[in-house]
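The exercises below are meant to be worked through with the sequence and the model open side by side. Try each task before reading its solution.

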Amino acid sequence: MEKRLLLAAGLSLGILLLWEWVSPKPGKRPEVPVSPTPAAALAAGTPAALPAALPAPVSAPAAPQAPETADAETLTTLSNKVFQATFSNRGAVLTSFVLIGHMDADRKPLELMRKFPDGLPRPLALDFPGDPEATKRADAALFVVERESDAAVRFRWAQGGLAITKEIRINDGYLYDVKITVTGPPFSLLAGPGLRNPTDRERKSSYVMPASAVAATTDGLKLVAPGKAASQAWTIPARGFAGIQDNYFLEVLVPRAPATARIYTFSVPQPEGKPSVELAVGLEGRATLECSAFFGPKDVSILESYGLGLERTVDFGWYGIVAKPLLWMLKKTYAYMGNWGLAILIVTFIIRLALFPLTAKSYTSMKKMQKLAPKMNMIRDKYKKAKTDAAQRQKMNAELMALYQTEGYNPMSGCLPILLQLPILVAFYNVLSRSIELRHAPFVLWIKDLSAVDGSYVLVILMIVSMYAQQAMTPSTLDPTQKKVFMFLPIVWGFFLKDMPSGLVLYWLFSNLLTIVQQLVMNRIVKDDAPPPGKGAKALKQARA
């Protein structure tokens with residue numbers, strides 16, 4: 001989506017520059033040295049670090065020598081204040097993981113486990129590379145359940161020379177402990193496949209990104225999209241992580257000792273169209289594997305509190321340097337206002353207020369250009385019959401240059417507002433589409449989710465109207481043909497923003513309204529004063545000489 005926004009801005013800038021590309025650029029003026037202003041450091045809270053060694057889970061008994069299996073399938077639930085995890089003793093896998101504080105599209109607690117057809121593994125399943133028969137046996141096995149406490153459970157199974165023990169211990173937050181003990185061949189513990197269950201309506205109206213593989217390796221953070229997944233292995237250091245993620249949620253395993261992680265791909269049939277590709281990531285072990293697991297939201301403050309670098313999975317793209325302070329401002333504003341839509345409006349006002357001096361300078365320059373238009377046209381008309389005469393064209397450019405320098409006009413100044421807005425626009429998109437805080441955040445009336453598309457397109461229509469009003473108030477020297485070209489700009493922006501999050505359109509609409517107010521103010525401030533007498537004539541005379 002960043003590419004679409006950049007393309008829209010590129011088209012706008014191209015149209016702005018097309019009509020004046022042959023115009024000479026003003027000469028360089030002496031630069032006034034500016035003392036650098038140090039940026040104010042934000043006082044960040046110190047994240048709560050984990051102890052050097054995570055709390056040890058329930059100790060495992062020796063692998064049983066005799067066959068050990070349960071008689072029937074049962075479900076076991078572990079829960080704390082933030083999640084409720086349900087395990088089946090068939091395979092000792094997760095069948096449900098509900099995030100209590102996060103809602104789905106139907107305003108019910110969010111189910112993080114994807115509902116797949118039979119035949120696909122479940123999270124915390126075991127895979128035995130090179131031994132598919134052992135994998136099938138482990139998946140179908142009925143484990144004996146030992147409930148040690150409300151926060152811990154042990155699953156045991158043994159048959160035909162293969163013995164498996166799985167121990168789970170939950171803590172207060174989203175991070176919980178897992179220990180796997182296997183008597184048999186090497187194995188992999190799976191994170192995934194699948195992450196939450198978006199409805200068709202949610203897929204169409206929200207930015208629900210497909211789950212991709214993520215890993216904090218010895219070579220840095222690795223990201224692999226489903227369409228580019230291939231058989232590859234990563235070395236995960238102790239307290240690194242590997243798993244799957246989408247734009248809002250994360251499902252990763254954190255080994256206590258260095259381990260190897262591999263990507264698994266699964267083809268899932270779809271009712272319409274070609275099958276989808278789902279990913280899982282397996283953490284390899286031999287005999288014993290101890291790790292922690294994080295299944296939860298990509299909330300930066302929560303991720304930072306574990307001291308594992310999980311916050312790196314919240315990627316704001318190219319404009320992260322703008323997006324992170326923007327999110328900080330939004331969160332602080334929301335703490336006072338209690339409404340994310342109002343927070344967007346207030347932050348937009350602050351941004352426009354900060355940019356007002358530059359916008360005012362640009363507006364003053366455009367007013368000068370409007371005043372200079374008759375003189376510029378006179379000079380161009382004077383040389384219009386010499387289009388192929390290089391010497392005459394050079395004289396025309398020299399006269400225009402003298403006029404620009406005399407009046408202090410910069411032909412590029414009209415592009416400044418768009419150039420200033422572009423990084424903020426992309427940063428706002430990244431914040432809205434990747435910040436868990438804004439997921440399902442309502443504003444007013446029909447806007448129930450600022451991270452989703454406004455299906456009524458009311459905001460987009462109002463945004464287009466505001467752009468036309470802003471365009472009508474902006475000083476211009478365009479000829480009739482150029483004006484017709486510029487009339488398409490609001491339509492172009494409307495086309496690119498119609499499928500964007502409503503919060504982004506709200507920002508752009510309110511920014512346009514503030515620009516209109518600024519222009520009304522500037523119309524009172526900027527006067528059409530005449531240039532200093534004799535100065536322009538003297539410069540033009542020197543240019544003709």
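**Exercise 1.** In this predicted model, describe how strand β6 (residues 144–149) and β7 pair, and over how many bridges; then follow β7 to its pairing with strand β8.

*Solution.* Begin with β6 and β7, which pair in the antiparallel sense, with five bridges between them. One position to locate in this pairing is E146, which stands opposite R154 in β7. The connection between the two strands is a hairpin, in which two residues lead from β6 to β7.

Next, turn to strand β8 (residues 162–169), which runs antiparallel to β7 and is joined to it by eight bridges. Here A158 stands opposite A163 in β8, and the hairpin of β7 and β8 also has two residues between the strands, with G160 taking a positive phi near 55°.

Finally, consider burial, for which the cut-off is under 20% relative accessible area. Seven of the eight residues of β7 (residues 152–159) are buried, so this strand is largely enclosed by the rest of the structure.

**Exercise 2.** Work out the strand order in the open sheet of four strands, and find which strands stand at its edges.

*Solution.* The order is β1-β2-β3-β4, and the pairing is antiparallel. The edges are held by β1 (75–79) and β4 (109–111), each of which has a single partner strand, so one side of each is left without a neighbour in the sheet. From one strand to the next, the twist averages 20°.

To look at one pairing in detail, take β1 and strand β2 (residues 83–88), which run antiparallel and are joined by five bridges; within this pairing, S79 stands opposite Q84 in β2.

**Exercise 3.** Determine which residues of α9 are buried, and which helices they pack against.

*Solution.* First establish the extent of helix α9 (residues 458–473), whose 16 residues reach 23 Å from the first C-alpha to the last, close to the 22 Å expected at 1.5 Å a residue. Its buried residues are L459, V460, M463, I464, S466 and M467. Because they cover an arc of only 165° around the axis, they lie on the same side of α9. These buried residues pack against α11 (489–497) and α12 (502–525), whereas the face turned away from the buried side carries the exposed residues V465 and A472.

**Exercise 4.** Find which residues touch the most other members of the largest nonpolar core.

*Solution.* This core has 111 residues, of which F97, Y176 and F428 touch the most other members. Helix α8 (residues 416–434) gives the most to the core, with nine residues. Leaving aside residues up to four places away in sequence, the residues that F97 touches include F83, L110, Y176 and F295.

How values were computed. Residues numbered from 1 in each chain as written. Predicted model: local features only at pLDDT ≥ 70, side-chain atom pairs only at ≥ 80, totals over all residues. Heavy atoms only, no water. Expected span 1.5 Å × (residues − 1). Buried < 20%, exposed > 50% of the residue type's maximum accessible area, 1.4 Å probe, protein only. Arc of directions from axis to C-beta. Contact = heavy atoms within 4.5 Å. Core = buried A, V, L, I, M, F, W, Y, C linked by side-chain atoms within 4.5 Å. Pairing = 2+ DSSP bridges. Axes fitted to C-alpha atoms, helices over the stretch in contact; angles between N-to-C directions.
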